[in-house]
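Subject: The structure I promised you

Hi,

Here is the structure we talked about, ready for you to open. Have a look around, then read on for what turned up.

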Amino acid sequence: DLIFSNATLQWANGPDRVFAELMRVLRPGGLLMFSSFGPDTLMELRAAWAAADAHAHVSPFLDMHDVGDALLRARFADPVMDVERMTLTYADVMQLMREIKVIGAGNANVARPRGLLGRRRLAEVCAAYEQFRDADGRLPVSYEVVHGHAWGGTQQRVGDETRVSI
């Protein structure tokens, strides 16, 4: 009847397989509700890492329009997408990185570097992040929270045809 997913879709390798499976287990007329993160999430951290090296250190996040399109491809009915932007602040970038590590939200990017980081590169990231320090002396981190919901369609897929009850 209801599937609720909070901050998990960004860990999947693309939403198509996830939404196909959710559509499979959701009863016709059931409700899917979820939240995830959009591409502006951790944009300051992504920019600071880009100043230090060319590797992917922050996981990519899908745009809400791409998530909505994936819902339609999976045959969900009446999808609604919305985005909420929020900013948290930290005294230093190391505090932010420690919190990311503690909650288990590390870099899931397949192309991420696998070796040790090194003090010099970490210092470069910290220095690059300083450009974002605000008037209160705090470092911001942006979150783009994507909210969505959609209904399980009442159509049935049988072989290569779609059947809709009249």
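Before the strands, one term: two strands count as paired if DSSP finds at least two bridges between them. Strand 3 and strand 4 clear that bar, with twelve bridges joining them, and they run antiparallel. Keep in mind that this is a predicted model.

Now the overall layout. The protein has five helices and six strands, and along the sequence they come in the order β-α-β-α-α-β-α-α-β-β-β. Of its 166 residues, 35% count as buried. If you take the contacts with a separation of 6 or more, 80% are between residues 24 or more positions apart. The accessible surface comes to about 10,200 Å², and carbon and sulfur atoms account for 56% of that.

Back to strand 4, which is a good place to start looking. Which strands does strand 4 pair with, besides strand 3? Strand 2 is one of them: seven bridges join strand 2 to strand 4, again antiparallel. Try finding Gly-148 in strand 4: Phe-34 stands opposite Gly-148, and so does Met-81. Strand 4 is also mostly covered, with ten of its 13 residues buried.

Next, helix 3, which spans residues 64-73. Which of its residues are buried? They are Met-64, Val-67, Gly-68, Ala-70 and Leu-71. Seen down the axis of helix 3, these buried residues fall within an arc of 155°, so they line one face of the helix. The spacing makes sense if you recall that an α-helix has 3.6 residues a turn, so residues three or four places apart point the same way. The face turned away from the buried side carries His-65, Leu-72 and Arg-73, which are exposed.

What covers the buried residues of helix 3? The cover includes helix 1 (15-25), strand 2 (31-37), strand 3 (77-90) and strand 4 (139-151), so you meet the paired strands again here. Just after helix 3, look for Arg-75, which takes a positive phi of about 70°.

One last stop, on the surface. Leu-2, Phe-4 and Met-33 form a nonpolar patch there, with about 330 Å² of accessible area together. Met-33 is found in strand 2. Is Met-33 buried or partly exposed? Its relative accessible area is 34%, so Met-33 is partly exposed.

Happy exploring!

Methods: Residues are numbered from 1 along each chain as its sequence is written. This is a predicted model: local features need pLDDT of at least 70, side-chain atom pairs count only at pLDDT 80 or more; totals for chains, interfaces and linings use all residues. Side-chain values use heavy atoms; hydrogens and water are left out. Buried means under 20% relative accessible area, exposed over 50%, partly exposed in between (1.4 Å probe, protein chains only). Helices (H or I, at least four residues) and strands (E, at least two) are DSSP runs, numbered from the N terminus. The arc is that of the directions from the helix axis to the C-beta atoms. Contact means heavy atoms within 4.5 Å. Patches are made of residues with over 30% relative accessible area and no salt bridge: like charges are joined within 9 Å, nonpolar side chains (Val, Leu, Ile, Met, Phe, Trp, Tyr) within 5 Å. Accessible areas come from the Shrake-Rupley method with a 1.4 Å probe; for residues, only the protein chains shown count as cover. A salt bridge is a side-chain nitrogen of Lys or Arg within 4 Å of a carboxyl oxygen of Asp or Glu.
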